[in-house]
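Fancy working through a fold by hand? Have a look at the model below, then try the exercises before reading the solutions.

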Amino acid sequence: MSKCEKAIVTVLCMVYDDNKILLQDRVKKDWRGLTFPGGHVEKEESFVQAVIREIYEETGLIIREPKLCGVKQFQTDEDERYIVLLFKTDKFEGTLISSDEGEMKWIDRNSLNDCTLVNDFMDLLKVFDSDCYSEFMYERNKSGDDWLIRLY
């Protein structure tokens with residue numbers, strides 16, 4: 001039995017300015033609501049190159065010094081490991097734009113409870129903000145019919 005598995009690697013980035021965070025109001029049906037911008041890592045692309053490219057493509061901003069701060073992972077229906085590398089930075093320049101992925105919005109952290117967020121946003125934010133957590137993982141419950149969020 002092989003110990004290898006197919007993996008899909010993606011990136012998300014929390015771009016922040018004091019108490020405001022840059023979020024994307026996603027239009028894709030499978031993950032609707034406000035979330036962090038990001039996307040897939042391309043073949044032979046470094047993770048840092050990928051997050052800089054994805055943020056530029058989706059926001060028009062050029063970010064600097066993105067810091068890896070955690071990972072999110074889950075198994076897909078095709079039994080692939082879906083890995084999301086989490087970065088954050090407060091160093092950026094440029095003019096904010098939106099893309100066909102969704103409208104970009106600066107949101108004050110104090111108003112997050114009034115926003116329509118993707119369903120796992122607040123748990124994901126804990127990993128971005130925490131010195132204690134570095135991993136967000138969906139695990140199947142004991143009966144195998146539902147997913148649980150675990151923070152490590």
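Here come four exercises, each with a worked solution.

A word on the ground rules: this is a predicted model, where local features need pLDDT of at least 70, side-chain atom pairs count only at pLDDT 80 or more, and totals for chains, interfaces and linings use all residues. Residues are numbered from 1 along each chain as its sequence is written, and side-chain values use heavy atoms, with hydrogens and water left out.

**Exercise 1. Get the overall picture: what pattern does the protein follow along the sequence, and what is its radius of gyration?**

Step 1. Start with the elements: there are two helices and 11 strands. Helices (H or I, at least four residues) and strands (E, at least two) are DSSP runs, numbered from the N terminus.

Step 2. Reading along the sequence gives β-β-β-β-α-β-β-β-β-β-α-β-β.

Step 3. Now the radius of gyration, taken over C-alpha atoms, with a globule rule of 2.2 Å times the number of residues to the power 0.38. For 152 residues a compact globule would come out near 15 Å, and the protein has 16 Å, which agrees. The C-alpha trace spans about 50 × 40 × 30 Å along its principal axes.

Step 4. Finish with contacts, meaning heavy atoms within 4.5 Å. Of those with a separation of 6 or more, 63% come from residues 24 or more positions apart.

**Exercise 2. Take the core apart: which element gives the largest share of the largest nonpolar core?**

Step 1. Pin down the term: a nonpolar core is a set of buried Ala, Val, Leu, Ile, Met, Phe, Trp, Tyr and Cys residues joined through side-chain atoms within 4.5 Å. Buried means under 20% relative accessible area, exposed over 50%, and partly exposed in between (1.4 Å probe, protein chains only).

Step 2. Find the hubs: in this core of 20 residues, L23, F36, L86, L112, F121 and F128 touch the most other members.

Step 3. List the elements that give two or more residues: strand 1 (7-17), strand 2 (20-26), strand 7 (81-89), helix 2 (121-129) and strand 10 (135-140). The largest share, five residues, belongs to helix 2.

Step 4. Zoom in on F128. Beyond its neighbours within four places in sequence, F128 contacts L12, C13, M14, F36, C69, L86, F87 and K88. C13 and F87 turn up again in a second, separate core of 15 residues, which also includes L22 and V71.

**Exercise 3. Compare K20 and Q24: is each buried or partly exposed?**

Step 1. Both sit in strand 2, K20 as well as Q24.

Step 2. K20 is partly exposed because its relative accessible area is 41%. Q24, at 1%, is buried.

Step 3. Look at the company they keep, leaving aside neighbours within four places in sequence. K20 contacts V15, W106, I107 and D108, while the partners of Q24 include G33, T35, E58, S99 and M104.

**Exercise 4. Follow strand 6: in which sense does it pair with strand 7, and in which with strand 10?**

Step 1. Two strands pair if DSSP finds at least two bridges between them. Strand 6 (residues 67-75) runs antiparallel to strand 7 over eight bridges, with L68 opposite F87.

Step 2. Check the turn: five residues lie between the strands of this hairpin, and D79 has a positive phi near 60 degrees.

Step 3. With strand 10 the pairing is parallel, over three bridges; there, V71 has E135 as its bridge partner.
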